[in-house]
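Please open the model in your viewer and keep the selection tool at hand. The tour below moves from one selection to the next.

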Amino acid sequence: MAAMNRSLDSALGAADAALRTLFARPHATRPLPLPTEPSPGLDEAQRRQAGALMRVNHVGEVCAQALYTAQAAVTREPALRAHFIAAAHEETDHLAWTRQRLEALGARPSLLNPLWYAGAFGLGLIAGRLGGDRLSLGFVAETERQVEAHLDSHLTRLPLEDTASRAVVAQMKADEARHAAEAIEAGAVELPASFKALMRLSARVMTTVAHRI
Ligand SMILES: [Fe+2]
Ligand SMILES: [Fe+2]
């Protein structure tokens, strides 16, 4: 009975987190990172390009919420659950910041966000259920590393004039690098190369689609 209550609790908690990520306005606990240089202003093409890239980054953060929530739900280790919940909290800043940039750029979030959320949640469950805690952490470390590399590529693709988005992406990149380091410190195992390649491939599908839709 206690076990059943616990799984009902975590199912309700997970549903609540999903609804909040997808439909509520996220609240950052840290202030929006501000550029050191003011933007000279964007033309229409630059605004569209920046909007598409920030939509992709927003989807990434929707997925981060799903991954961390799923992993917190399946781990049996209280310390690890606390680690995942704390990480999801910090990712909420990223979710709020990318959302703010989307609005400022006059771009909309991806229409497929519920789908991205469900996919990432499923992956998080599989990583936690099949592989156990150390593999789950390995999955986090690899995800964060791939996101960091991806954000780095966005720093070359975002218009130089969009200093506001660049400041947000630079701070996120620093945070993701720290998240990877923390997962490794908590005991992450290195994932098999084939699994890493599969993750890169699914990220490529997501970023390509989210660029447009
Ligand atoms: Fe993030
Ligand atoms: Fe992260």
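Is H94 buried or exposed? Select H94 in this predicted model: at 0% relative accessibility, H94 counts as buried, because the cut-off for that word is under 20% relative accessible area.

Next, select the iron ion (ligand 1), whose protein donors are E61, which is listed with two OE entries, E91 (OE), H94 (ND1) and E176 (OE), lying 2.0 to 2.4 Å from the ion. Along the sequence, these donor residues follow the spacing E-x29-E-x2-H-x81-E. Two of the residues, E91 and H94, are 3 residues apart in helix 3 (residues 78-104), so about one helical turn separates them.

Now keep E91 selected and add the iron ion (ligand 2), since E91 bridges the two iron ions, which lie 3.8 Å apart. E91 is itself buried, with a relative accessible area of 1%.

Around the iron ion (ligand 2), show the protein donors E91 (OE), E144, again with two OE entries, E176 (OE) and H179 (ND1), which lie 1.9 to 2.3 Å from this ion. E91 lies in helix 3 and H179 in helix 6 (residues 163-185), so this pair ties together parts that are 88 residues apart in sequence. H179, with a relative accessible area of 3%, is buried.

Finally, turn to the surface and select F195, L198 and L201, which make a nonpolar patch of about 290 Å². L198 is found in helix 7 (residues 193-212), and with a relative accessible area of 52% L198 is exposed.

Note on methods: Residues numbered from 1 in each chain as written. Chains lettered and ligands numbered in written order. Predicted model: local features only at pLDDT ≥ 70, side-chain atom pairs only at ≥ 80, totals over all residues. Heavy atoms only, no water. Patch = residues over 30% accessible without salt bridge, like charges linked within 9 Å, V, L, I, M, F, W, Y side chains within 5 Å. Areas by Shrake-Rupley, 256 points an atom, 1.4 Å probe, with all protein chains shown as cover. Salt bridge = Lys/Arg side-chain N within 4 Å of Asp/Glu carboxyl O. Helix = DSSP H or I, 4+ residues; strand = E, 2+ residues; numbered from the N terminus. Buried < 20%, exposed > 50% of the residue type's maximum accessible area, 1.4 Å probe, protein only. Donors = N, O, S within 2.8 Å, 3.2 Å for Na, K, Ca; no water.
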